[in-house]
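Thanks for making time this morning. I would like to walk through a structure that is new to most of us, so please have a look at it on the screen before I go on.

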Amino acid sequence: MLPRLLAALRSQRFGVLAGFAAAFFLALGTVVMDLAPEAYAGLSLDDMRPFFREPRLVHFWFYGLALAVALWGASALVCTWDSVRTRLRHRVRRVSAYGAPLFHVAFVLALFAHLHNGLGESTAARVVGSDWTAIGDARYRLADLTVTTSPSGMPRDIRAHLERDRAGQVDTVDVAYNAPLVADVGAHALLLGRPIERPLAVLRVVGERRRLAIGDRVGAFVLTRVLQSRSLRAPMAELQFDGEPSPRWLPLTPGAGPSELVAFVGIDRERAVLLTERVNPAAPLVVVVALVAALATVLVVWEHLWRARRRARRAAVSGETPAPAVEDAIALG
Amino acid sequence: MNGPALPAAFGPLYVAAACAYGAALLAELGPPRLRRALLALGLALHLAGLVLRGVAIAYFPLTSKFESFYAFALFVFAVLLVAERSGSRVHRLGLFVVGGTFYALTTLFPTALSEAPPLMRTVWYPLHVPASFLSYALWTSAAAAGLATLLGNRGPGPRRAMEDHAFWGFAIFSLSMIFGGAWGYVAWGAWFLWDPKLVWSLVAWLFYGAFVHLKYWPAGNAPRPKASLALVGFLVVMVTYVGTSFLFRHSSHSF
């Protein structure tokens, strides 16, 4: 059984057909996703979990793709192993001759990276204003926001200057479009979404005036909502107290006296930035894949040029041009 | 918010390049040297028009559908100049029809300049997009050479061009995918998205990845099946390049 499977994987026909099948299933997938968008509502960025969490018939193209790609990857590995052995046996010392095998290795690693990230990635929206906001293992607050515009008024660059507090060590970092804050070889990234004006609830807590954003905690409660609409005569703040099953609504009481424990006295606004926190567990592997694939591409191109030069020399000597496939078979060794 | 003014010289350059290309087409009936000279003249005028637009917006001039089609036509005509060596009229005319069609299609879009939004302002943009366009143009050439093969031109020229241009397109597109992945990471935090444009880019890459391996499979390497697949590849390229913007409802790419 195993020798037969290896023989099948080793055949170039198998690899080529698996490649075309993968392209076909992927193309089919775009049509299915476009025709049935409701089946893919939870799919974002490179997430693959919905395909496995809720197996559905409509995802048939993805399962076909996964099978085709897995077989292609296995075939690429087996063929690469064979071709490297052949080259070593023939003592091929040209580095460029190993470009294609290297490219195949990068391809298989890229497949693993896609799977790993597709099953482990995460995205979370974060709002950072003038107060400290915990993101990952640090706290951030907005120190300044600079917007550079062209003479026509189109923004050229939007840059958020953040103060970062890591275990008491405070430094300043910038986040801008195409310039995220990256850590752990890209596994963690903080990206600029857009600048916003966020509402703040002004509360008097035991006589002390506090400005709270949604999600901020003071003692035993968290601010969960601020309602402000034309249909309401006055804004309202919603607080969730620890141990209580439902939240409490506080009406606006601008003249709240110091005797009240918690009072909602107004709404304020502040400049903030919407950030995206991305976790890409496969990022370090992807960096390796990108470097290996780029190097392998350069080597493959070099090898192609070397063969073309040799072909031209042979043609000049013999006066005829060999067929491409024959020529490549000769070069393979 | 008004964009920068379109340089006055752009219109004459646009018309002059079209005239030079038209003359190069007519020169099919004349000596090859004249044809090549006219094509090179058209390319120089075409490129000058693109550079002029770039200088006016002080950025890489690929910010609108007009510029996208205009630049793609430039790449197709540039590949046509290289494809002259294949010696096949069908190959040349195939490329000419595609390049000429995209040049003509630019008339459907406003010529006004638009500035690049902040997300486009990255080094990855001028690395990723032109490399993609060059690959599309090379794959178009492979398809045109395939058509020449199917129509009975069995000489080594078109067949070699079909193989070579598919290979070069694949190699350059591989680098383009790496640059595009890097841009995706710094812009959205992900090197791949379930977006029609990105998925079809992967379809094109997988398709040509399999295509360049056909030479190791004797049945697949026969001239007619390979030439037919080169034509299928052209459809893949067209869906990737324009189809994802016009056929699919949800794409983060406008062109």
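Let me begin with a question: how many salt bridges does the rule find across the interface of chain B and chain A? The answer is zero, and I should say straight away that we are looking at a predicted model. Polar contacts are another matter, since the rule finds 14 residue pairs in polar contact across that interface, counting pairs with both residues at pLDDT 80 or more.

As for which parts of chain B are involved, α6 (156-188) and α7 (196-211) of chain B each bring at least two residues to the side that touches chain A, and it is α6(B) that gives the most, with 16 residues. Sorted by character, the residues on that side of chain B come out as 37 nonpolar, nine polar and eight charged.

The size of an interface is often given as the accessible area lost when the parts come together. Here chain B and chain A bury about 5,200 Å² between them, with 70% of it on carbon and sulfur atoms, and the three residues W191(B), W194(B) and W217(B) supply 16% of the area that chain B buries against chain A, more than any other three residues. In terms of contacts, 54 residues of chain B and 65 residues of chain A take part.

Now let me turn to chain A by itself, which is divided into domain 1, covering 2-120 and 282-332, and domain 2, covering 124-279. Taken over C-alpha atoms, the centres of these two domains of chain A are separated by 46 Å, and the contact takes seven residues from domain 1 and six residues from domain 2. The two domains bury about 400 Å² between them, 57% of it on carbon and sulfur atoms, and on the domain 1 side L45(A), A283(A) and P284(A) lose the most area, together 60% of what that side buries.

Across this domain interface the rule finds one salt bridge. R278(A) forms a salt bridge with D46(A), and their closest N and O atoms are 3.2 Å apart.

Finally, chain A also has an open sheet of four strands in the order β9-β10-β11-β12, with antiparallel pairing. The strands β9 (217-218) and β12 (248-251) of chain A stand at the edges with a single partner strand each, so one side of each is left without a neighbour in the sheet. Further in, six bridges join β10 (221-227) to β11 (236-241) of chain A, and L227(A) has M236(A) as its bridge partner in β11(A).

Methods:
Residues are numbered from 1 along each chain as its sequence is written. Chains are lettered from A and ligands numbered from 1 in the order in which they are written. This is a predicted model: local features need pLDDT of at least 70, side-chain atom pairs count only at pLDDT 80 or more; totals for chains, interfaces and linings use all residues. Side-chain values use heavy atoms; hydrogens and water are left out. Domain bounds come from an automatic or database domain assignment. Contact means heavy atoms within 4.5 Å. Buried area is the accessible area (1.4 Å probe) that two parts lose on being put together, summed over both. A salt bridge is a side-chain nitrogen of Lys or Arg within 4 Å of a carboxyl oxygen of Asp or Glu. Two strands pair if DSSP finds at least two bridges between them. A polar contact is a pair of N or O atoms within 3.5 Å; within protein, one must be able to donate a hydrogen and the other to accept it, and residues adjacent in sequence count only if both atoms are side-chain atoms. Ala, Val, Leu, Ile, Met, Phe, Trp, Tyr, Cys and Pro count as nonpolar, Asp, Glu, Lys and Arg as charged, and the others, Gly among them, as polar.
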